[in-house]
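Subject: Structure handover and findings

Dear colleague,

Please find below the structure for your attention. My notes on it follow directly after.

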Amino acid sequence: MIMWQMWIDMHLARYFEERVQWLFSKGLVHGTTHLGIGEEATAAGTIAAMKSQDYVFGTHRGHSQAIAKGIDVKYMMAEILARETGVCKGKGGSMHIADPDIHYFGADGVLGASAVMCVGTALATRKRKEEDRISVVFFGDGTSNEGATWEAMNLAAVWELPVLFVCVNNTYGMSTPIQDVMKDTDIAKRAYPFGMPAKTVDGNNVLEIYHASVEARKYVASGKGPMLLVENTYRISGHSKSDGNLYRTKEEIESWKEKCPIKAFRMYLIENELFTEEELDKAAKAAADEIEQAEEFAKASPEPSFDDLMNDVYA
Ligand SMILES: Cc1ncc(C[n+]2csc(CCOP(=O)(O)OP(=O)(O)O)c2C)c(N)n1
């Protein structure tokens with residue numbers, strides 16, 4: 001059942017990231033990592049509305065997207081701890097978790113590039129005359145300012161390609177609030193010059209996101225061209241490994257913790273008698289256990305061997 005899946009995915013993402021944060025603080029994670037604590041509903045809601053054959057491009061803050069698309073947290077944790085058993089054999093790290101076998105391509109370090117590649121897969125889909133497959137790209141509010149994103153939207157619109165653009169608007173690009181870099185912060189209006197429909201949803205309401213995503217997929221798969229979905233949310237965690245939160249107040253962060261998408265979904269499920277508190281707690285506990293086991297699996301896995309260093313590396 002969709003609601004159950006979204007409940008589990010949001011918990012796996014939250015617990016996974018809390019654990020990654022802890023491992024990072026202990027110096028066990030190399031490179032960097034971007035956490036999306038508070039944004040879990042965006043990935044869970046949109047990806048639940050997609051079909052397994054759809055191509056999904058994630059962001060640098062993409063753990064929740066990889067989980068919702070179906071990557072096992074065990075292999076994700078091994079990837080983050082740079083182990084041979086990692087989903088990319090420990091060579092990609094947090095930002096490059098990807099699994100083409102399940103049509104999840106992860107992030108590109110260059111903001112905006114994923115939108116361009118997403119248009120490429122949609123074009124391939126069209127050329128191969130594949131009927132019921134769309135390409136989805138997640139990107140942030142900051143990335144919506146990138147020229148590459150606009151170029152991708154333009155071509156997708158001109159060629160009427162099956163692309164769903166999903167803007168996860170967490171109101172900051174690193175330490176910059178969107179109002180400092182956007183004259184008009186209504187990101188949905190950015191679809192207008194391309195003749196694309198757009199919809200804005202509460203990005204902390206997983207059900208609203210799910211229903212809007214179902215409709216968006218229907219539109220995009222019908223062959224009418226791309227669509228933009230804007231999901232307004234907030235990043236509780238810092239931007240990346242070091243973030244003193246000097247650009248925002250404690251009160252602002254606290255007020256968004258109150259709007260936690262997991263808390264809100266829990267209240268909805270209980271008030272509507274869809275699940276009992278016990279059932280929900282049991283599933284949450286199972287997710288926490290799964291993350292613990294994933295960490296044990298990762299720590300017990302070997303590090304990649306030196307001989308394998310140059311394999312799978314393209315430049
Ligand atoms: C082309 C490019 N410019 C700058 C960066 C550095 N950078 C990495 S993440 C980031 C902020 C992106 O903000 P947003 O798109 O809103 O996503 P969020 O980090 O808020 O999830 C920046 C500027 C980059 N990776 N690529």
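The notes below cover the basis of the model, the ligand site, one helix and two single residues.

This is a predicted model, in which local features need pLDDT of at least 70 and side-chain atom pairs count only at pLDDT 80 or more, while totals for chains, interfaces and linings use all residues. Residues are numbered from 1 along each chain as its sequence is written, and side-chain values use heavy atoms, with hydrogens and water left out.

Ligand site

There are 15 residues around the ligand, and those that come nearest are His-60, Arg-61, Gly-109, Gly-142 and Thr-143; a residue is counted here if one of its heavy atoms lies within 4 Å of the ligand. Polar contacts are pairs of N or O atoms within 3.5 Å. In the side chain of His-60, an N or O atom is 2.8 Å from an oxygen atom of the ligand. Arg-61 places a polar side-chain atom 2.7 Å from a ligand oxygen atom, and a polar backbone atom of Gly-142 is 2.7 Å from an oxygen atom of the ligand. The ligand taken alone exposes 580 Å², of which the protein buries 74%; these areas come from the Shrake-Rupley method with a 1.4 Å probe.

Helix H6

Helices (H or I, at least four residues) and strands (E, at least two) are DSSP runs, numbered from the N terminus. H6 comprises 12 residues, 147-158, and its end C-alpha atoms are 16 Å apart, in agreement with the 16 Å expected at 1.5 Å a residue (1.5 Å times one less than the number of residues). Its buried residues are Thr-149, Ala-152, Met-153, Ala-156 and Ala-157. Seen down the helix axis, these buried residues of H6 fall within an arc of 125°, so they line one face; the arc is taken from the directions from the axis to the C-beta atoms. Buried means under 20% relative accessible area, exposed over 50% and partly exposed in between (1.4 Å probe, protein chains only). The face of H6 turned away from the buried side carries the exposed residues Glu-151 and Val-158. The buried residues of H6 pack against helix H5 (113-127) and strands E2 (135-140), E3 (163-169) and E7 (227-232), contact meaning heavy atoms within 4.5 Å.

Two single residues

Gln-65 is in helix H3 (residues 63-69) and counts as buried at 3% relative accessibility. Beyond its neighbours within four places in sequence, Gln-65 is in contact with Ala-43, Ile-47, Gly-58, Thr-59, Tyr-104 and Phe-138. Glu-18, in helix H1 (residues 2-25), counts as partly exposed at 38% relative accessibility.

Yours sincerely

Conventions. Polar contact = N/O pair within 3.5 Å; in protein donor to acceptor, adjacent residues only side chain to side chain.
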